[in-house]
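Work through the exercises below with the sequence and the model at hand. Each task is followed by a stepwise solution.

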Amino acid sequence: MLLFRSEETVNRWCESNRTPRRPLITLVQLWQLAVVWYANRLSVESRRPAPDEMVAVFASIGLTGPFWDPRSDTFTNA
């Protein structure tokens, strides 16, 4: 994971490293994801979310599209 100051910085880094830009996640979204994803990790009932559950979690914090869908075989910026 790389942290950047702005989208402009991301764009410059991608261009200088000849790396395609991928979807971005804000620190707020990252925190929201961590809270949901790891909420019960220390319990006996803890398990990895199923793909449909993952999509719902991602969508609940505004992360949508093929990049955020574990069932997708498309790796796009959409």
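**Exercise 1. Salt bridges**

Task: How many salt bridges are there, if a salt bridge is a side-chain nitrogen of Lys or Arg within 4 Å of a carboxyl oxygen of Asp or Glu?

Solution. Step 1: applying this rule gives 5 salt bridges. The model is a predicted one, in which local features need pLDDT of at least 70 and side-chain atom pairs count only at pLDDT 80 or more, while totals for chains, interfaces and linings use all residues. Residues are numbered from 1 along each chain as its sequence is written, and side-chain values use heavy atoms, with hydrogens and water left out.

Step 2: one of the bridges joins Arg47 to Glu53, with the closest N and O atoms 2.7 Å apart. Glu53 has a relative accessibility of 32% and therefore counts as partly exposed (buried is under 20% relative accessible area, exposed over 50%, partly exposed in between, with a 1.4 Å probe and protein chains only).

Task: Which residues are linked with Arg71 in a network of salt bridges?

Solution. Step 1: Asp52 and Arg71 form a salt bridge at 2.4 Å, N to O. This pair links distant parts of the chain, since Asp52 lies in helix H3 and Arg71 in the segment after H3, 19 residues apart. Helices here are DSSP runs (H or I, at least four residues), numbered from the N terminus.

Step 2: Arg71 also forms a salt bridge with Asp69, at 2.9 Å, N to O. The network thus comprises Asp52, Asp69 and Arg71.

Step 3: Asp52 is exposed, because its relative accessible area is 52%. Arg71, at 48% relative accessibility, counts as partly exposed.

**Exercise 2. Two helices and their faces**

Task: Which residues of H3 are buried, and where do they lie around the helix axis?

Solution. Step 1: in H3 (residues 51–60), Met54, Val57 and Phe58 are buried. Viewed down the axis, they fall within an arc of 95°, so they line one face of the helix. The arc is taken over the directions from the helix axis to the C-beta atoms.

Step 2: the face turned away from the buried side carries exposed Asp52 and Ser60. After H3 comes Gly62, with a positive phi near 90°.

Task: Repeat the analysis for H2.

Solution. Step 1: the buried residues of H2 are Gln29, Leu33 and Trp37. Their arc is 60° seen down the axis of H2, so they too line one face.

Step 2: Leu27, Val28 and Trp31 are exposed on the face turned away from the buried side of H2.

Step 3: the buried residues of H2 pack against H3, and those of H3 against H2 (contact means heavy atoms within 4.5 Å).

**Exercise 3. Core and surface**

Task: Which residues make up the largest nonpolar core?

Solution. Step 1: a nonpolar core is a set of buried Ala, Val, Leu, Ile, Met, Phe, Trp, Tyr and Cys residues joined through side-chain atoms within 4.5 Å. The largest has 8 residues: Leu33, Trp37, Met54, Val57, Phe58, Ile61, Leu63 and Trp68.

Step 2: H2 and H3 each supply at least two residues of this core, and H3 gives the most, with 3 residues.

Step 3: leaving aside residues up to four places away in sequence, Ile61 touches Gln29, Gln32 and Leu33.

Task: Is Leu27 of helix H2 buried or exposed?

Solution. Leu27 counts as exposed because its relative accessibility is 60%.
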